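Dear colleague,

I am handing over the structure that we spoke about, and it is placed just below. Please have it open while you read the notes that come after it.

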Amino acid sequence: MHIVLDRRPDGGVTATVLDAAAEPVETAELGASDLIEFVRAREGEHPRWVWSSTSRWYPALLAAGVRVQRCVDLALAHRILRASLLTADSDLAREPAGVWDDIARLVAAPAMESGAPALFDVDEPAPSVPLDPVREFEAQQAAVKGASRPGALRLLVAAESAGALVAEEIRFAGMPWRAEVHDRVLTEALGPRAPDGRHPARLEALAAQIREMLNAPGLNPDSQQELLAALRRAGLDVSSTRKWELRDVEHPVIAPLLEYKNLYRLFTANGWAWLETWVHDGRFRPDYVVGGVVTGRWATSGGGALQLPKNIRRAVVADPGWKLVVADAAQLEPRVLTGLAGDQAMADAGRGRDLYDSVVAAGVVASRHEAKVAMLGAMYGATTGDSARLKPRLGRAFPKAIALVDAAAQQGERSDQVMSRLGRTSPRPGGSWREVQERASQPGASAADERRARSQARDWGRFTRNFVVQASAAEWALCWMAELRLRLAELGDGSLENGPHLVFFLHDEIMVHTPEHLAPQVERLVREAAAQAGRLLFGTFPVDFPLQVATVDTYADAK
DNA sequence: AAGGGTCGCGCG
DNA sequence: AAAGCGCGCGACCCTT
């Protein structure tokens, strides 16, 4: 059963109940204040709630203590189905751009500064263009039904929508964050906080030391230009101020300079200003953008939740009587590639052990490190260095897997689109890309034109090579979270306040905040959900997705 | 002063 | 050792 919710111009809501055949069987006209109770009452039947955008509808329900099991996020689904090669012949894909494309773009855009209500106004319908979510839902259903692999798209839409529920629940619950621990980390590293956002003592002392050693009294070490000039004036042969270039230079200024850069980064990116902006009432609330990356990975908008540096993870501490269960999927992308390619040899290598270790044990390369760089290089399209040199050995050991990514690269170079496991489709290259290719194919093209076109084609090939793996891995992670979310709700009383719930997600890693006594069961559910995600994507093909799972008090202890 | 481009670095 | 994929973000710096 589906229930489609539509906001009326008067602020009320029209709820349309669809039966299993997607025929409308009931309509309820709700006043603005009736929605919460309606959803609460009907959720017991576990319908799939169909709404324009989860970020538009769900926060108010969560605030009122109402969770839902399932939804269809029409905006997210619209974007997937409009772009997928699997639905390219559908009416949905062929219709001109409309209001649903606007909404899809808005929910993917960075959130406005606090207070700007853009996201929450998106489906206040302009009088001339009503949203008509029932019609949109029917168009989406028809597109999926007419596709060559409807099951894959159905799963993708369900997983993406479940992800949207998770993102809102994480924002609502927040990641437990102890401001005083964070402050202690900062003070230990930087010295006490200085007034007015000025640099703290430790940074100032290092800056003074750098100026003296470079004999550059007025130097601002935060300015790359000034710093590079000062380094060169002091006789250092460097072409940039990057730390990996500086690291190999012999000079007494290098050590204090690298420490300065490290502390400066901590101060500017995750210092006291960040703490005051993003942590309130003991919670950090990440601003996730579901499907914000072309590959379907999540992005963030503000707060930098996907870049939390290791050195401040000590501040993430479970509440008293609670624990954090932190899990990450080991070598997720190569294992997803294994499933995509149906590469039996690679599946065998990864079964029950570290994939890279068994590549070494099989005599393919000499060390775990080599196995890892070779694998990453194969998936990223390395052209130089150890990674490119070792790739042929991987190709002999795992021919099907390597052939799959090589084929994806060739398709991209031809400007063909590629697809994830479930049908998410890579974008077409932009207009300037095609112009460059066009110019190079003209009779009068110069050698430079041809070189540029070839190089650009290879760039796009590396993108599509990686797309098939990264996008499919993102789908695995969505399925993992979707399965886990439902299991966790059953374990507790269903509420976010009292029961185990997700508080963080990072591509191949999740964190659950749970009452301590439930932690062992949470660990078990995390593993079950991972196994189920593998089955959803790859059926009976025997590829393992082992996890590293840890029950800890602080995130810093998870690895 | 505001906006955009570039650099550098954090994460997977 | 530091390039080969995907990002966000803050600072500097230049243009308007």
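What follows is a short account of a sheet, a hairpin, a pair of helices and a salt bridge.

Please keep in mind throughout that this is a predicted model.

I begin with the sheet, which is open, has 5 strands in the order β3-β2-β1-β4-β5, and shows mixed pairing. Its edge strands are β3 and β5 (70-73), each of which pairs on one side only. Ignoring direction, neighbouring strands of this sheet are turned by 20 degrees against each other on average. Strands β1 (residues 2-7) and β4 (residues 48-51) run parallel and are joined by 3 bridges, and within this pairing Ile3 has Trp49 in β4 as its bridge partner. Helix α3 (residues 74-83) packs on the sheet, where it touches β4 and β5, and the direction of α3 makes about 55 degrees with that of β5.

The antiparallel part of the sheet that I looked at is the pairing of β2 (residues 13-18) with β3 (residues 24-30), which is made by 6 bridges. Here Ala15 is matched with Ala28 in β3 as its bridge partner. The hairpin of β2 and β3 has 5 residues between the strands, and in this hairpin Ala22 takes a positive phi near 65 degrees.

Turning to the helices, the axes of α21 (residues 431-441) and α22 (residues 447-491) come within 8 Å and cross at roughly 140 degrees. Angles over 145 degrees would count as roughly antiparallel, so at this crossing angle α21 is oblique to α22. The crossing of these two helices is left-handed. On the α21 side the contact includes Trp433, Val436 and Arg439, while the residues met in α22 include Asp449, Arg452 and Trp460. Taken together, the residues of the contact of α21 with α22 divide into 6 nonpolar, 3 polar and 4 charged.

Finally, there are the charged pairs. Side chains of opposite charge can pair when their charged atoms come close, and the structure holds 33 salt bridges. One of them is formed by Arg171 with Asp287, whose closest N and O atoms are 2.6 Å apart. Because Arg171 lies in helix α8 (residues 150-173) and Asp287 lies in the loop between β8 (283-284) and β9 (288-289), this pair ties together parts that are 116 residues apart in sequence.

With best regards

Definitions and conventions
Residues are numbered from 1 along each chain as its sequence is written. Chains are lettered from A and ligands numbered from 1 in the order in which they are written. This is a predicted model: local features need pLDDT of at least 70, side-chain atom pairs count only at pLDDT 80 or more; totals for chains, interfaces and linings use all residues. Side-chain values use heavy atoms; hydrogens and water are left out. Axes are lines fitted to C-alpha atoms, for helices over the stretch in contact, and angles run from 0 to 180 degrees between N-to-C directions. Helices (H or I, at least four residues) and strands (E, at least two) are DSSP runs, numbered from the N terminus. Angles under 35 degrees count as roughly parallel, over 145 as roughly antiparallel, 65 to 115 as roughly perpendicular and the rest as oblique. A crossing is left-handed if the near helix is turned anticlockwise from the far one by less than a right angle, and right-handed if clockwise. Contact means heavy atoms within 4.5 Å. Ala, Val, Leu, Ile, Met, Phe, Trp, Tyr, Cys and Pro count as nonpolar, Asp, Glu, Lys and Arg as charged, and the others, Gly among them, as polar. Two strands pair if DSSP finds at least two bridges between them. A salt bridge is a side-chain nitrogen of Lys or Arg within 4 Å of a carboxyl oxygen of Asp or Glu.
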